[in-house]
Amino acid sequence: MSGYLAIGFRSNKVGDKADVTHPQPLPATAALALKSLADFWADMGLEEARALNIPRAAAQRPAAGTRAATPARQMERPPSSPVTGARPEPRRINNNPIADARKLAASANSMAELRAIIDQFDGCPLKKAAKNTVVCDGAYDADVMIVGEAPGGEEDAQGLPFVGRAGKLLDKMLATIGLSRQENVFITNLIYWRPPGNRDPSPAEMQICAPFLSRQIELKKPKLLLTAGKFATQAMLGTDDGIMRLRGRKLLYRQEGLPAPVKCVPMLHPAYLLRRPEDKAKAWDDLRTIAALCDEMGIKRGAAL
């Protein structure tokens, strides 16, 4: 194809001769189409655009049977009524559950008040699918505080932390060094509602619940913190180190509002030990470290099993 467009010539055969007439005037629609083609070729940098013979007057005429476009009329607005009185305050949308949790947590003056506040709190999406709010268990005046991750199925059903298979193993582990939730241990979690499918808690969910945990620590003032598992340890200590690197180490937990840092020992989560019983020897070493630290700090222990 040469790139040229032959328009305006008519060939009619009469006998053996072809009668070639003079160029015929183009309809307006054809002229507009031709002009569009020429503009396109010109934009593409083709020299053929100059060869097109476009009737200027025809290209400017509207197509037959069409009416020239007229400017769209603007919709007339009804006259606005004069504003009288003070402008109403804009409606505020509450979309900051972390700020709400901080405010509510700070208003609690006792563990009983804080537990009731957490039970009524609706700012965490996990609560919609949970059966119960799982806040804490154990002795309120205990010097040892254990922080786990989140409730599981049994905990969600009973409304208490560490009551499933992992909880029963935790009780046995504590009993070997003379500790129990009935006498000298207080147990809570990072999250108070079960994540669907026992998935790991998300950072947003932990941030929403964090003010309540901080207030628990402020009210209880424990002498010793035990963090159970990777998520609880990393969240409490603000570190990315793994639990295998941190377990059994004597660390410090710092929080604004506390008179002094709290001694903290990370430990393997009982649920992990159920999956990896070969690591129970490591857990026993950690328990002996905890027992020695309790004696050093003057924390009373019962008879060990």
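Is F186 buried or exposed? I began my notes on this predicted model with that residue, and I found that F186 counts as buried, because its relative accessibility is 0%.

**Aromatic pairs**

I then looked up the ring pairs, and the count came to four aromatic pairs. One of them joins Y140 and F186 in an edge-to-face arrangement, with 5.8 Å from centre to centre and 70 degrees between the planes. I noted that this pair links distant parts of the chain, since Y140 sits in the loop between β3 (136-138) and β4 whereas F186 belongs to strand β5, 46 residues apart. Y140 has a relative accessible area of 36%, so I entered Y140 as partly exposed.

I turned next to Y192 and W193, which also form an edge-to-face pair, here with 6.0 Å between the centres and 90 degrees between the planes. Both Y192 and W193 are buried, and I found them together with F121 and F212 in one aromatic cluster.

**The surroundings of E149**

Which side chain of opposite charge is nearest to E149, and how many Å away is it? I first placed E149 in the loop between β4 (144-148) and α5 (153-158). E149 is buried yet has no salt bridge, and the nearest side chain of opposite charge proved to be K230, 7.3 Å away. A salt bridge would require a side-chain nitrogen of Lys or Arg within 4 Å of a carboxyl oxygen, so I did not enter K230 as a partner of E149 in a salt bridge.

What I did find is that the side chain of E149 reaches the backbone nitrogen of F231 at 3.4 Å. I also listed the contacts of E149, leaving aside its neighbours within four places in sequence, and among them are N189, L190 and I191, the run A228, G229, K230, F231 and A232, and also H269.

**Helix α6**

I went on to helix α6, residues 165-175, and asked which of its residues are buried. My list for α6 reads A166, G167, L169, L170, M173, L174 and A175. What covers these buried residues includes the strands β4, β5 (185-189) and β8 (262-267), along with the helices α10 (270-275) and α11 (280-297).

**Cysteines**

How many disulfides does the structure hold? I found zero disulfides. I also looked up C136, which counts as buried because its relative accessibility is 0%, and C294, which counts as buried because its relative accessibility is 0%.

Technical notes
Residues numbered from 1 in each chain as written. Predicted model: local features only at pLDDT ≥ 70, side-chain atom pairs only at ≥ 80, totals over all residues. Heavy atoms only, no water. Helix = DSSP H or I, 4+ residues; strand = E, 2+ residues; numbered from the N terminus. Buried < 20%, exposed > 50% of the residue type's maximum accessible area, 1.4 Å probe, protein only. Lys, Arg positive; Asp, Glu negative; His and termini not counted. Polar contact = N/O pair within 3.5 Å; in protein donor to acceptor, adjacent residues only side chain to side chain. Contact = heavy atoms within 4.5 Å. Disulfide = S-S within 2.5 Å. Phe/Tyr/Trp six-rings, centres within 6.5 Å; stacked < 30°, edge-to-face > 60°.
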